[in-house]
Amino acid sequence: MRVAVVMEREAHPNQWEDWRFRPVEVVADEAAFGAEPRVLRDDGRIRRTLFPGFTLELFRDEGEGYHLNLRTGTPVWFVMWRRDDADPSRAWPETVSVSYNEAGRWLDAQERVDNVPLQPELVAWLQAYTDEHYRPEPKKRRRPQSFLAPDQRQA
């Protein structure tokens with residue numbers, strides 16, 4: 001699936017920041033978007049830029065990550081993005097995912113990751129894929145030894 005990310009840049013959001021960035025939307029990529037980023041709106045304070053050309057590919061070994069995302073109650077896109085160290089007024093999305101585990105790996109690597117709500121039709125699509133390709137392992141809960149009678153405890 002080809003998607004595009006809309007990033008928002010806010011000028012002087014508070015006294016400590018010159019710029020604040022965040023992804024605000026992930027949409028289906030269309031040929032009319034072209035291949036290069038383009039500014040959708042810029043009023044001097046808020047700028048929204050469309051970044052086309054991302055591919056979302058689902059993998060069977062990421063099934064648990066998709067399952068965890070769906071179980072949150074509000075499934076999301078995870079957008080990993082970067083900021084230009086030489087020009088702090090510039091940032092761009094690097095990649096997108098719908099895997100909770102993949103987003104966790106990015107965060108462990110100290111990457112910037114934000115989320116954007118996943119559209120209902122894509123939630124249904126992701127649920128169908130997950131139902132077909134992933135089976136959660138049943139968790140066998142073991143009672144703590146302190147809850148057992150002394151004669152039932154293991155040594």
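Salt bridges first. A search of the whole structure turns up 12 of them. The cut-off: a side-chain nitrogen of Lys or Arg within 4 Å of a carboxyl oxygen of Asp or Glu. This is a predicted model, so local features need pLDDT of at least 70 and side-chain atom pairs count only at pLDDT 80 or more, while totals for chains, interfaces and linings use all residues. Residues are numbered from 1 along each chain as its sequence is written, and side-chain values use heavy atoms, with hydrogens and water left out.

Why do such pairs form at all? Side chains of opposite charge can pair when their charged atoms come close.

Take R20 and E10. Their side chains form a salt bridge at 3.9 Å, N to O. This pair links distant parts of the chain: R20 sits in strand β2, residues 17–28, and E10 in strand β1, residues 2–14, with the two positions 10 residues apart in numbering. Strands here are DSSP runs of E, at least two residues, numbered from the N terminus.

Is E10 buried or exposed? E10 is buried, at 12% relative accessible area. The scale: buried is under 20% relative accessible area, exposed is over 50%, partly exposed lies in between, with a 1.4 Å probe and protein chains only. R20 is partly exposed, at 34%.

R20 has another partner. R20 and E17 meet in a salt bridge at 3.0 Å, N to O. E17 is partly exposed, with 27% relative accessibility.

Now a pair elsewhere. D84 and R90 form a salt bridge at 3.2 Å, N to O. D84 counts as buried at 17% relative accessibility. R90 is partly exposed at 42%. As for networks, salt bridges with shared partners join E10, E17, R20 and R45 into one.

On to the sheets. Strands of a sheet pair through backbone hydrogen bonds, either parallel or antiparallel. Pairing here takes at least two DSSP bridges between two strands.

One open sheet has 4 strands, in the order β2-β1-β4-β3, with antiparallel pairing. Which strands stand at the edges? β2 and β3, the latter at 38–42. Each has a single partner strand, so one side of each is left without a neighbour in the sheet. Neighbouring strands are turned by 25° against each other on average, direction ignored. The axes behind such angles are lines fitted to C-alpha atoms, for helices over the stretch in contact, and angles run from 0 to 180 degrees between N-to-C directions.

Stay with β3. This strand is joined to β4, residues 46–55, by 4 bridges, and the two run antiparallel. D42 has R47 in β4 as its bridge partner.

T49 also lies in β4. T49 is buried, at 11% relative accessibility. What does T49 touch? Leaving aside neighbours within four places in sequence, its contacts are V5, V6, M7, P37, R38, V39 and L40. Contact means heavy atoms within 4.5 Å.

There is also an open sheet of 3 strands, ordered β6-β5-β7, again with antiparallel pairing. β6 at 91–97 and β7 at 112–117 are the edge strands. Each has a single partner strand, so one side of each lacks a neighbour in the sheet. From one strand to the next, the twist averages 35°.

How many bridges join β5 to β7? There are 6, with β5 covering residues 76–83 and the two strands antiparallel. Within that pairing, V79 stands opposite D114 in β7.
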